[in-house]
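Here are my notes for you to read with the model open beside them. Take the points one at a time and find each spot on screen as you go.

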Amino acid sequence: MELRGTIRGFSRVPLLGWLVAAFVAVLLEIAVGTPLALSLGLPKIPVLFGVILALKKPLLFPGAAVYVLLIYALPIALIARLGAGLANRAAGRLLAFPLLVSVAVHLGVFYITLELWSGLSDYRDLVLRFTLIAVMVTLSLNVINGYMGEFSCSHPGFMAVGAYVASVLTIDLFTNHRVFGSALLPAALGPLTFPLILIIGGLVSAMSALVVAIPSFRTRGDYLAIISLAFMFIVKSLIENLDIVGGARGLGGQPDWAGLPTVFLWTVVCVWVINNFVRSTLGKALNAVRDNEMAATAMTVDTRYTKMVGFLFAAFWAGVAGGLFAHVLRYVNPGTFGIQKLAEVLAMVYFGGLNSVYGSIVGAVGISLLGEALRPLEIFKWIIIPLLLILVMIYRPTGLVAFKEFDPEAILKPKTDPERERDALPQG
Amino acid sequence: MKLKALIPVTMVVAAMFALATSVSAQTIKIGLNIPLTGDIPKVGEGSKFAAEMWLSDVNGAGGLEAGKKKHKVELVIEDNESKAESAVKAATKLITEDEVLVIVGPQSSKQAVPAGGVSQDRATPMISPWSTNPNTTKDRPYVFRAPFLDPFQGPVLANFITNEFKFTKAAVLYDQASDYPKGLAEFFKGAWEKLHGKGSVVAYESFTTKDTDFSSQLTNIRNSGAQVLFTPQYYNEVALIVQQSRQLGLKSPIVGSDSWGSAETVELCGKDCHGAFFSSHYAAAGATGATKAFIDRYNKTHGYVPDDVAALTWDSLRIVATAINATGGLTGDIKKDRANVAKAMAGIKKFAGITGNMTFTPEGDPIKCAVIVRISDKGQFEFYKSVCP
């Protein structure tokens with residue numbers, strides 16, 4: 001009874017409340033994190049909530065646990081709970097303005113929290129950037145495998161195309177390279193043209209997707225899976241045989257432009273655009289094609305056009321993500337975009353949940369952080385993660401958070417009485 | 001009641017804190033960025049075993065000497081899953097979280113190239129025991145390597161074949177999709193054509209990783225009239241290539257590169273490989289002195305003869321120890337110490353390693369001798385000849 005009351009109390013906390021609480025916790029970590037960690041016998045601030053530390057040196061587990069409790073769990077719970085009323089009022093007032101204002105405020109608080117949190121350690125920063133890129137890739141694959149209901153295996157190929165196009169452009173235009181010659185444009189222009197370069201990478205990737213889309217959408221069935229798998233290998237072999245981009249040896253020396261703000265901004269734009277796309281008429285048409293193509297045609301949906309647009313759209317975002325990936329890693333080689341990458345992305349999609357923006361975020365963040373946190377377990381990591389996937393497949397065959405609409409307004413709005421709200425929610 | 005139950009718990013926790021804090025402060029941390037899972041776990045295993053042997057030696061002797069003080073050494077081992085992005089994460093973690101003084105690894109070039117960038121940006125010395133891609137150390141004063149480079153190995157083999165057999169026509173068979181064989185094939189071809197003129201490489205055939213049937217390429221090679229076949233491949237492919245070429249009636253000698261130097265080569269290939277030559281970092285059979293001591297000890301603890309990657313990791317760690325020793329004492333400021341170690345490492349002259357004597361060039365690449373190994377009729381790797389630059 002007591003527990004239920006506490007949980008109900010927390011369910012009244014709006015997103016704004018959680019974000020502000022997290023922000024305060026990060027401030028707390030900056031202020032007292034290091035002395036607290038040292039006094040608990042930890043060598044440094046635990047980097048990923050103490051999991052890595054505790055797995056590596058089990059002796060330090062209690063210290064790490066106390067640290068996480070004191071810095072994260074307790075302050076966040078306390079502030080979220082006590083500030084719920086205030087946060088609800090603030091969230092309500094924000095919604096009186098256009099939705100964009102509210103979204104901007106939330107994202108602002110979220111970004112500052114992430115920036116401060118990752119500012120404490122370069123390792124956090126790197127993990128965060130790769131995680132955000134994983135969100136983009138997963139979400140774009142979900143458009144095909146979830147919303148459109150086809151099975152595509154070509155995403156690593158699209159990423160590779162985007163990564164190489166963007167890398168060649170930045171290296172050629174802005175750096176002195178032994179193959180591409182000296183910089184063609186002044187370096188100051190670089191960061192300004194970088195978004196353009198990423199978009200070009202995405203567009204080229206979408207064009208290359210036509211190679212898969214034209215033959216495979218003439219028919220129904222498993223053809224897409226086979227053709228797209230072939231496409232992935234074709235891209236890989238093509239790059240391996242292109243000596244101008246380094247062949248199998250890879251291409252390095254990309255400028256360091258994909259910092260956290262850039263990656264964060266692109267991820268936000270990606271989530272926003274894809275979410276709007278899948279909630280648009282075209283997105284609904286995608287769902288119709290998935291559920292029953294014949295019926296969709298009868299309802300005047302141009303199925304082939306719909307599938308093409310959905311597929312190219314997903315390829316575009318995979319290309320953009322690939323470009324960012326290349327500039328975070330600052331090196332690309334064809335071996336990276338092989339079957340292993342495919343397995344990783346597919347795992348994220350199916351773990352998180354089909355047909356759901358939430359699911360893609362949960363899947364990408366979950367698998368990325370789990371992969372990082374369980375690193376000290378070495379080979380056992382590859383037993384635990386697949387085991388989790390199997391369990392998810394058994395108990396939730398469509399993924400953790402499948403078929404759930406991502407409605408910004410519903411997420412941002414103040415939470416009054418959870419009981420009443422639950423009744424008001426449409427079922428299903 | 002509740003309070004009473006809490007007392008033992010508190011005591012245990014307090015004891016754990018006490019234990020944790022009692023670890024002495026002045027230890028030297030050395031990071032190991034190696035592939036324990038992924039495509040080449042055997043490489044990671046060999047590196048790990050060699051590193052652990054080295055660690056027990058050092059700590060058994062009371063620690064690593066720097067200046068007049070002895071420091072205990074701690075190895076921080078990170079698995080890089082044989083992936084480029086994972087190697088970059090591991091390197092960043094080792095540098096910023098574990099605050100290691102030096103990083104040893106990654107082993108393969110596809111990870112060493114990007115991880116080297118991280119080390120250079122964060123001014124942390126790194127030495128790759130196995131990477132042969134020139135870009136790993138290029139323009140990176142903080143990044144070093146232990147193996148000789150392919151631009152050296154290619155000509156060594158071309159010269160060896162020319163002097164030993166007096167051949168003038170060679171054939172090359174290599175994996176087009178893999179970084180290392182492709183590079184080496186090119187360097188060999190260049191060196192051979194320099195010796196015998198254009199067109200003296202009569203067959204230049206390629207395949208793609210995971211191909212298992214080489215009959216069409218080998219038929220071309222047989223018909224080309226080549227006197228020798230050079231194939232810089234890994235052990236699993238070597239076995240297939242050599243066996244298939246013998247079945248097709250190709251009688252010419254077959255020569256390989258340091259990638260042949262795995263215990264598996266002979267095991268998979270059997271009698272067909274007997275009598276073949278390859279260049280390597282060291283020869284296990286007939287080794288003497290420190291090299292033999294290392295091989296015997298490794299064999300005794302782990303039950304197999306160590307591959308070259310283990311020997312090179314061993315040498316890398318000893319180079320690190322030599323460099324730390326040469327700094328003349330640690331200041332305690334990790335940034336200064338890292339810079340000092342990098343400087344000391346660049347100044348190492350005539351380091352006596354179990355894979356040969358090394359002196360570093362300004363690029364951070366060693367000048368060292370290659371060993372030509374003959375696979376004996378018992379299937380052992382015999383020392384045949386040493387070739388120095």
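1. Start with burial in chain B: of its 389 residues, 52% count as buried. Here a residue is buried if 20 or more other C-beta atoms lie within 10 Å of its own, exposed if 12 or fewer, and partly exposed in between, with C-beta atoms placed from the backbone. Before you go on, keep in mind that this is a predicted model: local features need pLDDT of at least 70, side-chain atom pairs count only at pLDDT 80 or more, and totals for chains, interfaces and linings use all residues. Residues are numbered from 1 along each chain as its sequence is written, while chains are lettered from A and ligands numbered from 1 in the order in which they are written.

2. Now the overall build of chain B. You'll find twelve helices and 16 strands in it; helices (H or I, at least four residues) and strands (E, at least two) are DSSP runs, numbered from the N terminus. Chain B has a radius of gyration of 23 Å, close to the 21 Å from the globule rule for 389 residues, so it is as compact as a globular protein of that length. That radius is taken over C-alpha atoms, and the globule rule is 2.2 Å times the number of residues to the power 0.38. Along the principal axes, the C-alpha trace of chain B spans about 90 × 50 × 40 Å.

3. How do the contacts in chain B spread along the sequence? Of those with a separation of 6 or more, 66% are between residues 24 or more positions apart. Two residues are in contact if their C-beta atoms, placed from the backbone, lie within 7 Å.

4. Chain B splits into domain 1 (28-147 + 289-367) and domain 2 (150-280), with bounds from an automatic or database domain assignment. The C-alpha centres of these two domains of chain B lie 31 Å apart. Where they touch, each gives eight residues. The domain 1 side of that contact has two nonpolar, three polar and three charged residues. For these classes, Ala, Val, Leu, Ile, Met, Phe, Trp, Tyr, Cys and Pro count as nonpolar, Asp, Glu, Lys and Arg as charged, and the others, Gly among them, as polar.

5. Chain A has its own split, into domain 1 (2-104) and domain 2 (122-410). Their C-alpha centres are 31 Å apart. Eight residues of domain 1 of chain A and ten of domain 2 of chain A make the contact. On the domain 1 side, seven residues are nonpolar, none is polar and one is charged.

6. Next, look at where the chains meet: 32 residues of chain A are in contact with 30 residues of chain B. Helices H4 (61-82), H7 and H10 (223-241) of chain A each give two or more residues to chain A's side. H7(A) provides the largest share, five residues. By class, chain A's side has 14 nonpolar, eleven polar and seven charged residues.

7. The largest nonpolar core has 228 residues, and A:Ile133, A:Ala321, A:Leu324, B:Phe188 and B:Val320 touch the most other members. A nonpolar core is a set of buried Ala, Val, Leu, Ile, Met, Phe, Trp, Tyr and Cys residues joined through C-beta atoms within 7 Å. Try clicking on A:Ala321: among the residues that it touches are A:Ile133, A:Met136 and A:Met159.

8. Which way do the residues of strand E11 (277-280) of chain B point? B:Phe277 and B:Ser279 go one way, B:Phe278 and B:Ser280 the other, and all are buried. In a regular strand the side chains alternate between the two faces of the sheet. Strand E10 (254-256) of chain B runs parallel to E11(B), joined by two bridges; strands pair if DSSP finds at least two bridges between them.

9. Finally, some backbone oddities. Most residues other than glycine have a negative phi, and most peptide bonds are trans. B:Gly105 and B:Pro106 are joined by a cis peptide bond, with omega about -5°. B:Ser82 is not a glycine, yet its phi is positive, near 60°. B:Ser82 is buried, with 24 other C-beta atoms within 10 Å. A:Glu378 is another non-glycine with a positive phi, about 50°, but A:Glu378 counts as partly exposed, with 17 C-beta neighbours inside 10 Å.

Key
Lists of a residue's contacts leave out its neighbours within four places in sequence.
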